Amino acid sequence: MRHSNVLALGLGVGAAGIAAVGYAGYQWYSGLPGGSSNTKQLQMQSPPSKPAAESDLDALNGNAKLFSEKELALLRQLISAGQGQLFAAWPAPGTSDAEKKAMVAQLAALDGHYHGGLSAYISNAKKLLQESKDSVNPFEGYTPQVPPGVRLDFGSEEHIELEGEGVAEAGRSAFVLVAGGLGERLGYSGIKVALPVESATGSCFLELYCRYILALQARSGSKRPLPFAIMTSDDTHARTEALLKEHGNFGMAPGQLTLIKQEKVACLTDNDAHMALDPSDAFVVQTKPHGHGDVHALLHSSGLAKKWKAAGLKWVCFFQDTNALVFRALVASLGVSARNDFDMNSLAVPRKAKEAIGAISLLQHTDGSSMVINVEYNQLDPLLRATINKDGDVNDDAGFSPFPGNINQIVLKLESYVTQLERTGGVICEFVNPKYKDASKTVFKSSTRLECMMQDYPKALPQGSKVGFTTVNQVWATYSPVKNSPADSRAKAQVM
């Protein structure tokens, strides 16, 4: 496999006691396990090399002499893949040469981030964009069922008992926070983990999470610091480092915290997967985040997951950036995972039928295979109508859909997780979500890109893996993420 560490941050512990690691490339899978053509594992290989003819580089408008042979090899691949439009506006040598070199350096970095390189990214994008245009049904052959799991009443005897068991399991756990986003749509210009949790002390979300982990460390009797990894992005990395440095890592020990930074992928302008240039700079490729599914590849490429397993840890807990109540349910879900020996346990909430939240579902394929995954709400209703219920997604007698709501807080068993990471490189199947201008599906409203989501991890798990969920029936007790700006919140409250 081909890996390129493009961040020169190393694995060392900095002055603030925070280890920072870079991103390495990864392998790609597409589709769901089962019998359809979408389910094949794709072997990503570079295309056969071509003779180094000068005509290959005509698209560079005479600028080939500015670049090394290695850079020219990449440029030939891109031109061969139909990406000559990237260089169409380049002036003759002697004008804007520094900008041209910077653009090729950016292309080389993008090539290194993605296993198989940009040629593979373009190939994968073409396939997924064609499937999107053709309205290919990714759930063809699947029948949804309510998955196995545990539903708890907050504060009940069962909940308290599982929470007690979970505290012991927490002493053998690592924690991962996905924190790549800014708070702009919330009316906040900073990173979301710096938002105040409450107004009395002004404590921020990141401080709260650190203190929860330290409390579990003490309560469980752990004799070692419980590892805490934070996935950042270009937008949040420096500011997260600064916040931690300013507050002394909120009491965490040197080396206990690790920042893992995800990179972006190239944007695409059309169904032929032409890469987009930045509208404000013709020498910059437009990029966007690849999605929080990158966290798995980062935990693999950084060696963290393997290191945690070697240290005797048993679980890794993933949570999102602005749910202050998550640990009220996470600890009990650790108890559930231990009791049921779950390879993956999704924290969930009750959801109303057709509510705009994904649903944890057991999908049974006609070939006998099955998996428990998140199905988006706009996919669940038509899937149910086409298979087992002509009324689609409806509430049961308790007033809720029988399919629990996904909130992207998960517990993974480290033993099977490391095995899976070594098998796949931590790759999560990708999807594309272009916004079309009209029903012809030929023109995009704006550029798109390939994405991946961390909750799609079970799609590549071997058959027989134990995947379930834990729901706390009282949503108010465990789930209160910051999703709206004050103005939007007031407007929604008035509608209600």
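These are my notebook entries on a predicted model of one protein chain.

**Entry 1. Overall make-up**

I began with the whole chain, in which I counted 13 helices and 18 strands. The chain has 496 residues, and buried residues make up 51% of them. I then looked up the exposed surface, which comes to about 21200 Å², with carbon and sulfur atoms supplying 52% of that area. For the contacts with a separation of 6 or more, I found that residues 24 or more positions apart account for 74%.

**Entry 2. Nonpolar cores**

I next asked which residues of the largest nonpolar core touch the most other members. That core holds 43 residues, and the ones I noted are F175, L177, L206, F228, I230 and F327. I followed F327 further and, leaving aside its neighbours within four places in sequence, listed its contacts as F175, Y209, Y212, I213, L216 and F319. A second core, separate from that one, has 36 residues, and I wrote down F67, F87, V104 and A266 as being among them.

**Entry 3. Strand β11 and its two partners**

F319, one of the contacts of F327, led me to strand β11, which spans residues 315–319 and has 5 of its 5 residues buried. I checked the two faces separately: W315, C317 and F319 lie on one side, V316 and F318 lie on the other, and all of them are buried.

For the pairing, I found that strand β4 (residues 173–178) runs parallel to β11 and is joined to it by 5 bridges. With strand β15 (residues 405–413), β11 pairs in the antiparallel sense, over 4 bridges. W315 appears in both registers that I looked up, as the bridge partner of S173 and as the residue opposite K413 in β15.

**Entry 4. Strand β18 and its two partners**

I turned to strand β18, residues 467–472, and asked how many of its residues are buried. The count is 6 of 6, and the strand is described as mostly covered. V467, F469 and T471 are buried on one side, while G468, T470 and V472 are buried on the other, so I noted both faces as covered, taking buried to mean under 20% relative accessible area.

Strand β3 (residues 149–152) runs parallel to β18, with 4 bridges joining the two, and L152 has V472 as its bridge partner. β12 also pairs with β18 in the parallel sense, over 5 bridges, and here I recorded M344 as standing opposite V467.

Within β12 I picked out S346, whose relative accessibility is 5%, so it counts as buried. Apart from its neighbours within four places in sequence, S346 is in contact with three residues of β18 that I had already listed, G468, F469 and T470, and also with I360, Q409 and I410.

**Entry 5. Helices α1 and α2**

I then looked at how α1 packs against helix α2, which covers residues 97–113; the angle is about 75 degrees and the axes are 11 Å apart. The two helices are therefore roughly perpendicular to each other. On the α1 side the contact is made by E71, L74, L75 and L78, and on the α2 side by V104, L107, A108 and D111. I noted that V104 is also listed in the second core.

Staying in α2, I looked up Q106, which is partly exposed because its relative accessible area is 21% and the buried class ends under 20%. The C-alpha atoms of Q106 and F283 are separated by 9.6 Å, although the two residues are 177 apart along the chain. Once neighbours within four places in sequence are left aside, the contacts of Q106 are V284, V285 and T287.

**Entry 6. Two residues with positive phi**

Last, I asked where N61 is found. N61 is in the loop between β1 (18–21) and α1 (69–80), and its phi is positive, about 55 degrees, although it is not a glycine. With a relative accessibility of 34%, N61 counts as partly exposed.

I made a matching entry for D341, another residue other than glycine with a positive phi, near 55 degrees. D341 is in the loop between α9 (326–340) and β12 (344–349), and it counts as partly exposed at 32% relative accessibility.

Note on methods:
Residues numbered from 1 in each chain as written. Predicted model: local features only at pLDDT ≥ 70, side-chain atom pairs only at ≥ 80, totals over all residues. Heavy atoms only, no water. Buried < 20%, exposed > 50% of the residue type's maximum accessible area, 1.4 Å probe, protein only. Contact = heavy atoms within 4.5 Å. Areas by Shrake-Rupley, 256 points an atom, 1.4 Å probe, with all protein chains shown as cover. Core = buried A, V, L, I, M, F, W, Y, C linked by side-chain atoms within 4.5 Å. Pairing = 2+ DSSP bridges. Axes fitted to C-alpha atoms, helices over the stretch in contact; angles between N-to-C directions. Parallel < 35°, antiparallel > 145°, perpendicular 65-115°, else oblique.
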